[in-house]
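Please open the model in your viewer and keep the selection panel at hand. The tour begins where the chains meet and then moves to single residues.

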Protein chains: 2
Amino acid sequence: MSDLLSRLRAGLPDGALLTDPDVMASYSHDMASFCPAGRPAAVVLPRSLEEVRHVMRTASELRVPVVPQGARTGLSGAANAVDGCVVLSLLRMDRVLEIDPVNRIAVVEPGVVNADLSKAVAAHGLAYPPDPSSWEQCTIGGNIGTGSGGLCCVKYGVTAEYVLGLDVVLADGRLLSTGRRTAKGVAGYDLTRLFVGAEGTLGVVVRAVLALRPAPAPQLALAAEFGSARDAGEAVARIMAEGHTPSLLELMDSTTIVAVNRLTRMSLPESTRALLLAAFDTPDPAADLAAVGELCRAAGANAVVPAEDEAESGMLLAARRAALPALEAVTGTTMIDDVCVPRSRLADLLEGTAAIAERHRLTIGVCAHAGDGNTHPVVCFDPADPDESRRARLSFDEIMGLGLELGGTITGEHGVGVLKREWLARELGPVGLEMQRSIRRAFDPLGILNPGKVL
Amino acid sequence: MSDLLSRLRAGLPDGALLTDPDVMASYSHDMASFCPAGRPAAVVLPRSLEEVRHVMRTASELRVPVVPQGARTGLSGAANAVDGCVVLSLLRMDRVLEIDPVNRIAVVEPGVVNADLSKAVAAHGLAYPPDPSSWEQCTIGGNIGTGSGGLCCVKYGVTAEYVLGLDVVLADGRLLSTGRRTAKGVAGYDLTRLFVGAEGTLGVVVRAVLALRPAPAPQLALAAEFGSARDAGEAVARIMAEGHTPSLLELMDSTTIVAVNRLTRMSLPESTRALLLAAFDTPDPAADLAAVGELCRAAGANAVVPAEDEAESGMLLAARRAALPALEAVTGTTMIDDVCVPRSRLADLLEGTAAIAERHRLTIGVCAHAGDGNTHPVVCFDPADPDESRRARLSFDEIMGLGLELGGTITGEHGVGVLKREWLARELGPVGLEMQRSIRRAFDPLGILNPGKVL
């Protein structure tokens with residue numbers, strides 16, 4: 001241990017190495033429930049590529065595990081420390097190195113906060129679309145690690161689609177450059193994409209070339225109230241089958257609506273069983289909303305309320321953004337699931353989740369990126385109640401099982417981490433698991449990068 | 001050899017195994033120049049997953065190389081036979097298994113022709129965007145193998161962005177399923193993307209889940225005539241920096257214009273040094289074209305000619321589609337390069353290519369997916385003239401060198417194959433090359449899948 005610390009210190013500037021136990025404890029876990037976290041031997045906050053390489057070389061030589069970390073807003077325990085590890089926090093590598101409007105790219109360090117990048121590129125009339133709920137805290141490096149999504153994915157896609165190239169420090173300290181700065185490129189295997197969603201198990205991202213888009217027009221939104229999840233699901237199916245491309249298509253169930261009302265005093269209609277929010281940023285959003293409103297009515301909506309203007313649209317979106325904090329406020333603790341199903345199976349997932357909640361006598365609110373079929377069933381429980389905690393964990397797993405049955409995946413955008421590791425094996429099957437493991441071995445033969453995570 | 005044939009025959013129906021030397025010769029190469037092709041020991045045309053597995057098991061047991069093949073329209077020799085190999089042609093696995101408008105996916109076998117899929121999904125109001133020049137012959141399996149692009153990529157992206165999941169037969173005959181049918185998913189490493197562009201070196205794709213889009217509106221196009229490549233490049237930079245999203249942004253140099261006129265009698269303006277074609281499929285394409293026309297004029301265009309209607313737009317696009325055949329007709333043989341540079345460096349690439357052509361006393365016409373910075377310098381030469389052939393090969397390489405100098409890649413959409421193997425090593429660098437090789441070893445430890453290709 002003292003060897004580790006002295007070796008680390010030798011290649012780091014003052015203040016980059018933290019060893020105070022209380023301080024280290026604050027770096028020991030992300031925001032996931034039910035995920036074990038170990039005690040780090042050290043926390044390193046590098047500011048440069050060379051410092052990262054020094055950490056990885058040292059860790060390789062001493063066979064010490066390294067846990068790369070962003071803002072620890074993750075929901076699967078991927079950033080949790082393991083005993084005796086070096087926590088490698090990239091928070092101080094937070095420079096936007098370049099914004100290029102002609103080539104529509106940004107070059108950034110991993111510690112740049114998502115919202116900061118969004119603001120920086122907006123000044124050039126550009127957008128970096130992926131917008132996870134934690135966008136005001138989470139970092140681009142963390143987004144790349146987990147393959148983050150967000151509200152805008154239904155039109156603009158996920159993090160993976162915006163990562164063109166990466167500089168990655170490998171387990172042994174070598175520097176690997178992947179990908180490109182160009183709009184297209186097929187030279188060799190796509191290693192860039194392999195690192196997106198790898199949760200720090202294949203290497204440490206120290207620099208990213210990101211694709212940008214022209215800034216979209218402001219969104220105009222509507223809310224549609226349904227008497228059942230089935231009707232809301234039918235509306236989603238019709239909207240997508242008719243060829244619409246909403247910039248947002250979100251759903252909240254009645255449990256979520258009640259919780260949001262309680263937290264925000266928004267007075268959403270509590271008799272509603274499912275509230276669908278749709279938005280367009282097209283040249284004529286009112287016309288698109290009118291067409292979508294008709295489809296909602298045809299699918300059985302009790303009411304369709306289009307926003308009059310941007311301000312009203314913003315209020316509807318604020319209700320959706322409040323969903324997670326509102327459900328967290330119900331019992332103080334939640335587990336947020338992240339099952340993504342084919343969007344045609346959305347209603348099946350919602351009804352099945354309601355049945356699971358009833359069977360386990362739990363409050364489970366569902367909000368969903370409905371257009372993507374990506375649902376977030378939020379299991380509320382009291383961690384001081386062992387039986388309720390057990391039922392919460394059970395229901396969380398049953399929802400993943402239901403998602404797989406419906407042809408979906410256990411994680412649409414939150415990642416595997418510690419929380420869903422066993423379930424990943426079920427989703428991948430034995431051949432898939434073996435091939436994934438062989439890739440991991442190729443990048444990290446000593447097994448020092450984020451051990452115990454993903455697979 | 002006879003052991004190989006009898007073993008293969010034992011698991012294949014009549015007609016699936018071809019051994020006639022003349023017939024086999026017709027399966028021995030794709031459309032690339034300067035790429036060696038060996039003599040296959042057998043050509044197999046399977047109709048089912050199980051037949052593919054039988055071939056791979058047999059080949060693994062006997063350590064016989066296998067070369068997977070689509071329609072052999074490739075331009076890098078990736079589909080070329082190696083001596084004693086089994087050519088595994090997927091042409092007969094050509095079923096569209098499913099088209100799902102709600103989830104916007106198609107499930108297809110690899111031998112489906114790109115144009116056939118496009119027609120099939122158009123009947124549902126949907127589109128499969130990637131549209132390589134060979135779209136009426138090339139197969140989806142080949143598109144996946146090479147990571148194909150096309151004219152529409154500037155707005156709609158490349159093949160990789162449309163492949164959600166794959167069934168792949170591995171080198172040893174095991175079946176690997178990757179990815180998903182859902183809009184999002186981050187469960188484990190992205191193996192799907194690894195197979196896209198792998199040119200059959202990691203496994204044999206036998207089934208693909210493809211993402212579809214709503215069919216776009218018809219395009220309206222304009223042509224802008226420039227007195228220099230520099231001005232045309234400036235126009236491209238301004239169009240993209242202003243936040244436009246054209247559905248097509250193509251460029252032809254004067255050599256190409258002359259060749260097209262000769263082949264088609266289109267009477268394009270031969271005094272023009274660079275012809276830029278832009279198109280929009282937006283709700284108001286005429287307004288977008290007017291804005292882009294202004295930008296072209298500001299960048300120095302001598303003339304801007306908007307199409308009056310869809311028919312006129314079609315004629316402009318036909319001119320672009322005629323570019324490759326027209327350049328081929330110049331001397332009978334061409335090498336088509338595929339360098340992609342940051343779009344801000346387009347003029348540098350064009351000017352540099354013109355200098356290379358002059359130095360080597362060759363005709364090199366350039367057409368380019370200008371919006372992507374993806375250029376196709378077409379080197380025309382007489383293969384019966386050894387010195388001209390040598391100069392052709394030399395200039396082809398110099399263009400790749402120039403592309404790398406300008407921050408680009410040696411291949412935007414055609415792949416590496418045999419043709420660019422040495423250049424791939426230069427682009428990737430030693431660490432990149434080593435990591436790519438270790439991935440290949442993980443999938444194909446015996447080295448039987450398309451040996452000698454890519455890396």
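A polar contact is a pair of N or O atoms within 3.5 Å, where, within protein, one atom must be able to donate a hydrogen and the other to accept it. By that rule, and bearing in mind that this is a predicted model, 26 residue pairs, both members at pLDDT 80 or more, are in polar contact across the interface of chain A and chain B.

To see which parts of chain A are involved, select strand 9 (175–179), helix 7 (191–195), helix 8 (229–241) and helix 15 (421–443), the elements that each give two or more residues to the side touching chain B. Colour helix 15 of chain A separately, since the largest share of that side, 13 residues, comes from this helix. If you then colour the side of chain A that touches chain B by residue class, you should find 35 nonpolar, 26 polar and 11 charged residues.

Next, select both sides together: 72 residues of chain A are in contact with 71 residues of chain B. The two chains bury about 5700 Å² between them, with 61% of that area on carbon and sulfur atoms. On the side of chain A, pick out A:K184, A:V186 and A:Y189, which lose the most area to chain B and together account for 17% of what that side buries.

Now turn to the charged pairs, for which the count between chain A and chain B is 8 salt bridges. For one of them, show the side chains of B:R193 and A:D190, which meet at 2.9 Å, N to O.

From here, centre on A:F443, which, with B:F443, has the most contacts inside the largest nonpolar core, a set of 137 residues. Leaving out residues up to four places away in sequence, A:F443 touches A:L170, A:A171, A:L176, A:L191, A:L194, A:F195 and A:L202, and also B:M435 and B:I439 from the other chain.

Finally, travel to A:E250, whose C-alpha atom is separated by 38 Å from that of A:F443, the two residues lying 193 places apart along the chain. A:E250 is found in strand 13 (residues 248–253) of chain A. Is this glutamate buried or exposed? A:E250 has a relative accessible area of 1%, and therefore counts as buried, the cut-off being under 20%. Beyond its neighbours within four places in sequence, the residues in contact with A:E250 include A:L151, A:L275, A:L276, A:L277 and A:A368. Display its side-chain partners last: the side chain of A:E250 makes a polar contact with that of A:R320 at 2.5 Å, and another with that of A:H369 at 2.7 Å.

Notes: Residues are numbered from 1 along each chain as its sequence is written. Chains are lettered from A and ligands numbered from 1 in the order in which they are written. This is a predicted model: local features need pLDDT of at least 70, side-chain atom pairs count only at pLDDT 80 or more; totals for chains, interfaces and linings use all residues. Side-chain values use heavy atoms; hydrogens and water are left out. Contact means heavy atoms within 4.5 Å. Buried area is the accessible area (1.4 Å probe) that two parts lose on being put together, summed over both. A salt bridge is a side-chain nitrogen of Lys or Arg within 4 Å of a carboxyl oxygen of Asp or Glu. Helices (H or I, at least four residues) and strands (E, at least two) are DSSP runs, numbered from the N terminus. Ala, Val, Leu, Ile, Met, Phe, Trp, Tyr, Cys and Pro count as nonpolar, Asp, Glu, Lys and Arg as charged, and the others, Gly among them, as polar. Buried means under 20% relative accessible area, exposed over 50%, partly exposed in between (1.4 Å probe, protein chains only). A nonpolar core is a set of buried Ala, Val, Leu, Ile, Met, Phe, Trp, Tyr and Cys residues joined through side-chain atoms within 4.5 Å.
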